[in-house]
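I opened a new model today and want to get my bearings. These are my notes, in the order I looked things up.

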Amino acid sequence: MAGTEGGSREVSDKYTERNDLPVENPGVEPHVERYTDANPKAGNRAYLQVITLLGLVPVLAIAFVVFYFAIPRDATIEIGPLHMNASTFALGLCAGLAVLFIGIACIHWAKQIMGDEEIVQERHPVNSDTADREEFAKQWRIGAEQSGLSRRKLIGSALGGAIGIMAVPAIVTLADLGPKPGPGMRRATIERTIWAEGVRLVNDITFQPIKASDLEIGQLVNAEPENLKDLEGAEFQRQKAKAAILIVRMDPDSIKIPESRKDWQVGGILSYSKICTHVGCPVNLWEQQTHHLLCPCHQSTFDLGDSGVVVFGPAGRSLPQLPITVDDKGYLVARSDFTVPVGPSYFERDSRHDYKKGDN
């Protein structure tokens, strides 16, 4: 590739002498000097415009963070016939304008400030030899010089700062993934359910209270807490998933009840969490003769006749048992919430109080 001073370029002799081209080489049109190159004042104006656009990005990023915390989530705004959430509108406007300004600044920079020279280059084989790589490095240096960053270094800094500051709104919005799972938050959320002393056990379909006298030996019933019906929407679904239980009645003479759990059952009626301690699947495959409960996902098997201990499969903890008794009308009620968190294990979970085979 060869060129002439003054901005115009000529095609190399190697290119012009080829006879296998489908059309005659049209050459390169005469170079027309760009206005910002011919007029230094116009070039400086373009430079200031690029800097201004990039400088507005940090302002918008800060405004994004301020609006994120300052605008109530339930606030609304009306623009003509449009009715929208105020927080969403403000955050979208700030983020959208910031990205728009970065794009406009880069385009304006490329069109008005970067080098403006016509270049012709022959196509080459896919593989590159050493000479081609050296030529690439050379052209890279030329391009870097033509970008104008060596003379107007503030553009590079402003561009880097504008793009970098956009990480701040993205990081702030990570707070919407949920509350920080500290010990206090875990105890108040995932480590407790709505079971409490005196809460009746009800059928999970009909929500009818369950009398101890109505259960037969070998019977299994899917149940929920009666106070679940007071909840709605997402909270209803969350609490229903955590509080789901199984009620089974077994012959008291055929099961093992540790001394520490004598008052957790009513004449062989016991209640366990329905959530597998492996990965949280619902367990409900009941085998009456062996008192085993099978998880259909990964075949973890729990012995409900021995405090829910694991007898097979990948589950590492016993199935949590809900302490129960009866009220003055003979209905099954909870003595308390579960004494250990229900569901699968997690890194911060304290497993010291989980029941293990042989515990009393």
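Before anything else, a reminder to myself on terms: helices (H or I, at least four residues) and strands (E, at least two) are DSSP runs, numbered from the N terminus. With that in hand I could place Phe 207, which sits in the loop between S5 and strand S6 (220-225). I also noted that this is a predicted model.

**Entry 1: the whole chain**

I began with the overall count, and the protein has nine helices and 15 strands. How does its radius of gyration sit against that of a compact globule of 360 residues? The rule gives near 21 Å for such a globule, but I read 36 Å for the protein. Along the principal axes, the C-alpha atoms fill a box of roughly 105 × 55 × 40 Å.

I looked at burial next, and 34% of the 360 residues count as buried. The accessible surface comes to about 21600 Å², and carbon and sulfur atoms own 57% of it. For contacts with a separation of 6 or more, I found that 61% join residues 24 or more positions apart. I also checked charges: there are 37 positive and 45 negative side chains, with the centres of the two sets 5 Å apart.

**Entry 2: what the UniProt record says**

I pulled up the record, an unreviewed entry, and it lists "transmembrane region" at residues 46-69, 89-110 and 154-177. I checked two of these spans in the model. Residues 46-69 are 100% helix and 0% strand, and their end C-alpha atoms lie 36 Å apart. Residues 89-110 also come out as 100% helix and 0% strand, with end C-alpha atoms 31 Å apart.

The unreviewed entry also has "domain: Rieske" at residues 267-333. I found 0% helix and 37% strand in that span, and its end C-alpha atoms lie 14 Å apart.

**Entry 3: the loop between H8 and S5**

I moved on to the loop between helix H8 (183-188) and strand S5 (201-203), where Thr 193 lies. Is Thr 193 buried or exposed? It counts as buried, because its relative accessibility is 3% and the cut-off for buried is under 20%. Setting aside neighbours within four places in sequence, I listed its contacts as Gln 239, Lys 242, Ala 243, Asp 337, Phe 338 and Val 342. I also took the C-alpha distance from Thr 193 to Leu 154: they are 39 residues apart in sequence and 57 Å apart in space.

Trp 195 is in the loop between H8 and S5 too. It is buried, with a relative accessible area of 2%. Its contacts beyond four places in sequence include Leu 201, Glu 224, Ala 243, Leu 322, Asp 337 and Phe 338. From Trp 195 to Arg 238 I got 13 Å between C-alpha atoms, with their positions 43 residues apart along the chain.

**Entry 4: the loop between S5 and S6**

I went back to Phe 207, since its phi is near 60°, a positive value in a residue other than glycine. A note for context: most residues other than glycine have a negative phi.

Ile 205 is found in the loop between S5 and S6 as well. I marked Ile 205 as exposed because its relative accessibility is 68%, and exposed means over 50%. Ile 205 and Val 333 are 128 residues apart in sequence, yet their C-alpha atoms are 17 Å apart in space.

**Entry 5: two residues inside the Rieske span**

His 291 was my next stop, in the loop between strand S9 (285-287) and strand S10 (292-294). I noted a positive phi of about 65° for His 291, although it is not a glycine. At 10% relative accessibility, His 291 counts as buried.

Last, I looked up Asp 306, which has its place in the loop between strand S11 (301-303) and strand S12 (309-312). Which residues is Asp 306 in contact with, leaving aside its neighbours within four places in sequence? I wrote down Lys 256, Tyr 355 and Lys 357. At 6% relative accessibility, Asp 306 counts as buried.

Technical notes:
Residues are numbered from 1 along each chain as its sequence is written. This is a predicted model: local features need pLDDT of at least 70, side-chain atom pairs count only at pLDDT 80 or more; totals for chains, interfaces and linings use all residues. Side-chain values use heavy atoms; hydrogens and water are left out. The radius of gyration is taken over C-alpha atoms; the globule rule is 2.2 Å times the number of residues to the power 0.38. Buried means under 20% relative accessible area, exposed over 50%, partly exposed in between (1.4 Å probe, protein chains only). Contact means heavy atoms within 4.5 Å. Accessible areas come from the Shrake-Rupley method with a 1.4 Å probe; for residues, only the protein chains shown count as cover. Lys and Arg count as positive and Asp and Glu as negative; His and the chain ends are not counted. The place of a charge is taken as NZ of Lys, CZ of Arg, CG of Asp or CD of Glu. UniProt positions are given in the numbering used here, feature names are shortened, and annotations may be inferred rather than shown by experiment.
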